[in-house]
Amino acid sequence: MLKPILAAALLVSTAPAAAQTNAALARIDADRAANEAAAKAIWGFAEVGYQEARSSALLQKRLKDAGFEVKAGVASAPTAFTATWASGTGPVIGIMGEYDALPGLSQTADPAKTVRADAAAGHGCGHHLFGVASASAAIAVKDWMKATGTKGTIRFYGTPAEEGGAGKVYMVREGLFNDVDIALHWHPAAENSADIATTNSNKSAKFRFRGISAHAAGAPERGRSALDGVEAMNMMANMMHEHMPEQSRMHYVITAGGNAPNVVPDFAESFYYVRNPDAEVVRETFERLVKTAEGAALGTGTTVDYEVIHGALPLLPNRTLQTLVHAKLSEVGGVLYTAEDTAFAQKIIPTLGQTKATLSDAALVKPIAESHGAGSTDVGDVSWTVPTAGFSTATWVPGTAAHSWQAVAAGGNAIGMKGMQNAAKVLALTAIDLLQTPELIAAAKAEFEARRGPGFTYRSLVGDRTPPLDYRNAPAR
Ligand SMILES: [Zn+2]
Ligand SMILES: [Zn+2]
């Protein structure tokens, strides 16, 4: 007779819990208008890395008003913050939120390439949705903890400058994740997925060449062109490209190349990224890249120095956590289009170039799989510090590439907002499950330790530099 009694007791005890979980989802639904207004405001601000003052303040206020304790300006970054709500001793769940925009991606919310008059940057990576969904989830989880009397801590991490500024790296280095049991993140995308995913590790630097100015026609023999240094380095780096390990990526832009053809430039600057799935390969390749800069300076009679701007470790996946997240994503489902959304998407599709995606993909959740993304994220450093899980929702029209005007446009529209709401729900459901299931946290930690291997010590790719608060400014000479 024991078994039926137990079963009945279980039913009795889980029924209110299920109702409370539904209440958490209802809270996110109730917050929809506020979430959309916040996301649209941050989309409008379009603030680039470490300059996200208004975006950060908006999210801080939201969390403070909801009863979270906010610590602003952490890790020597004015726009980084944590917001914590705690109730006794229990698991500590961290939810990350981003809010930086991308330079050069100014775009209106129209389904045609149209530059905004009032902004030079744009949310081509959807971080305006990222920050708001994560904050909304943290608030819903806090409400659920309060209603159910669940012990533990929910903490929102306001992480600036993901795009090349590695804000999270400084927060990791500062020890801000040290007491966290599980860290969660998500990312706007053109599909709904929760893969057991890795990314490329990444290291960047600005190479600054200095030469001698002279009249380019009247006294060229007296000049030494800093631009020659940049060009010679680029040529050698492009040759080196052929001799890099498989899966490596390297790309650059010239951020300063002189001002007038008749003045030999005495200053020029290039900005390089080096990527590979293995952080050690990135370290080695970067050292080879530095040799091309030194060789270029030697041959052109210029001098060069460099500043490491950012670095990110590859994502360390966690199958235990991804299985949970995938189940929650499947529960929430994909993004459902209205006739209006479909009309918007049908205008975007012909502009996307080659893609196998179809509109109906937005409503689907991809089966869980192991995958590798060639991009990089500073979540990587968090994932080597604490077991971390993530997922993506279809905030963009299927087939859209990140960092495109099409991503900015969809992110400012209903499609982006729907993906954001779904993401908030997946985050909240995952956190609620973790807070109730210590054995799940223990299993995730065991897998994390096994994947890191014995004797692991965290070593950031940025070394001991401080956050590059001015990396989006015009070149410093
Ligand atoms: Zn991005
Ligand atoms: Zn991003």
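## Close-up views of a predicted model

**Figure 1. Tyr50 sits in the loop between α2 and α3 (53-65).** The model shown here and in the following views is predicted. Tyr50 has a phi near 65°. That value is positive, in a residue other than glycine. Is Tyr50 buried or exposed? Its relative accessible area is 6%, under the 20% cut-off, so Tyr50 is buried.

**Figure 2. Helices α2 and α3 pack with their axes 9 Å apart.** The angle between α2 and α3 is about 160°. Angles over 145 degrees count as roughly antiparallel, so α2 is roughly antiparallel to α3. The crossing of α2 past α3 is right-handed. From α2, the contact uses Ala34, Asn35, Ala38, Ala41, Ile42 and Phe45. From α3, Arg54, Ser55, Leu58, Leu59 and Arg62 take part. By class, the residues of the contact of α2 with α3 are 7 nonpolar, 2 polar and 2 charged.

**Figure 3. Helix α2 (residues 32-45) also packs against α4.** The axes of α2 and α4 come within 8 Å. They cross at roughly 150°. This angle is over 145 degrees, and α2 and α4 are therefore roughly antiparallel to each other. The crossing of α2 past α4 is right-handed. The α2 side of the contact consists of Asn35, Ala38, Ala39, Ile42 and Trp43. These residues meet His128, Leu129, Val132 and Ser136 in α4. What classes of residue make up the contact of α2 with α4? The residues divide into 6 nonpolar and 3 polar, with no charged.

**Figure 4. Three protein donors hold the zinc ion (ligand 1).** They are Cys125 through SG, Glu163 through OE and His403 through NE2. Their distances from the zinc ion (ligand 1) run from 2.0 to 2.2 Å. Along the chain, the donors follow the spacing C-x37-E-x239-H. Cys125 and Glu163 link distant parts of the chain, 38 residues apart. Cys125 lies in the loop between β5 (121-122) and α4 (127-148). Glu163 lies in the loop between β6 (152-158) and α5 (167-173). Both Cys125 and Glu163 are buried.

**Figure 5. Cys125 bridges the zinc ion (ligand 2) and the zinc ion (ligand 1).** The two zinc ions lie 3.2 Å apart. Which protein residues are donors to the zinc ion (ligand 2)? Cys125 gives SG, while His127 and His187 each give NE2. These donors lie 2.1 to 2.3 Å from the zinc ion (ligand 2). Their spacing in sequence is C-x1-H-x59-H. Cys125 is in the loop between β5 and α4 and His187 is in strand β8 (residues 187-189), so the pair ties together parts 62 residues apart in sequence. How accessible are Cys125 and His187? Cys125 has a relative accessible area of 8%, which means that it is buried. His187, at 24% relative accessibility, counts as partly exposed because buried means under 20% and exposed over 50%.

**Figure 6. Ala161 lies in the loop between β6 and α5.** Glu163, a donor of the zinc ion (ligand 1), is in this loop as well. Ala161 has a positive phi of about 50°. Ala161 is not a glycine. With a relative accessible area of 0%, Ala161 is buried.

**Figure 7. Helix α6 (residues 226-241) packs against helix α7 (residues 279-300).** The axes of α6 and α7 are 8 Å apart. Their angle is about 140°. Roughly antiparallel needs an angle over 145 degrees, and α6 and α7 are therefore oblique to each other. The crossing of α6 and α7 is right-handed. Which residues make the contact? On α6 they are Asp228, Gly229, Ala232, Met233, Met236, Ala237 and Met240. On α7 they are Thr285, Arg288, Leu289, Thr292, Ala293, Gly295, Ala296 and Thr300. The residues of the contact of α6 with α7 divide into 8 nonpolar, 5 polar and 2 charged.

**Figure 8. Pro220 lies in the loop between β10 (201-210) and α6.** Is Pro220 buried or partly exposed? Its relative accessibility is 39%, so Pro220 counts as partly exposed. Val282 is 62 residues from Pro220 along the chain. The C-alpha atoms of Pro220 and Val282 are separated by 39 Å.

Methods: Residues are numbered from 1 along each chain as its sequence is written. Chains are lettered from A and ligands numbered from 1 in the order in which they are written. This is a predicted model: local features need pLDDT of at least 70, side-chain atom pairs count only at pLDDT 80 or more; totals for chains, interfaces and linings use all residues. Side-chain values use heavy atoms; hydrogens and water are left out. Donors are N, O and S atoms within 2.8 Å of the metal (3.2 Å for Na, K and Ca); water is not among the atoms, so sites may look incomplete. Helices (H or I, at least four residues) and strands (E, at least two) are DSSP runs, numbered from the N terminus. Buried means under 20% relative accessible area, exposed over 50%, partly exposed in between (1.4 Å probe, protein chains only). Axes are lines fitted to C-alpha atoms, for helices over the stretch in contact, and angles run from 0 to 180 degrees between N-to-C directions. Angles under 35 degrees count as roughly parallel, over 145 as roughly antiparallel, 65 to 115 as roughly perpendicular and the rest as oblique. A crossing is left-handed if the near helix is turned anticlockwise from the far one by less than a right angle, and right-handed if clockwise. Contact means heavy atoms within 4.5 Å. Ala, Val, Leu, Ile, Met, Phe, Trp, Tyr, Cys and Pro count as nonpolar, Asp, Glu, Lys and Arg as charged, and the others, Gly among them, as polar.
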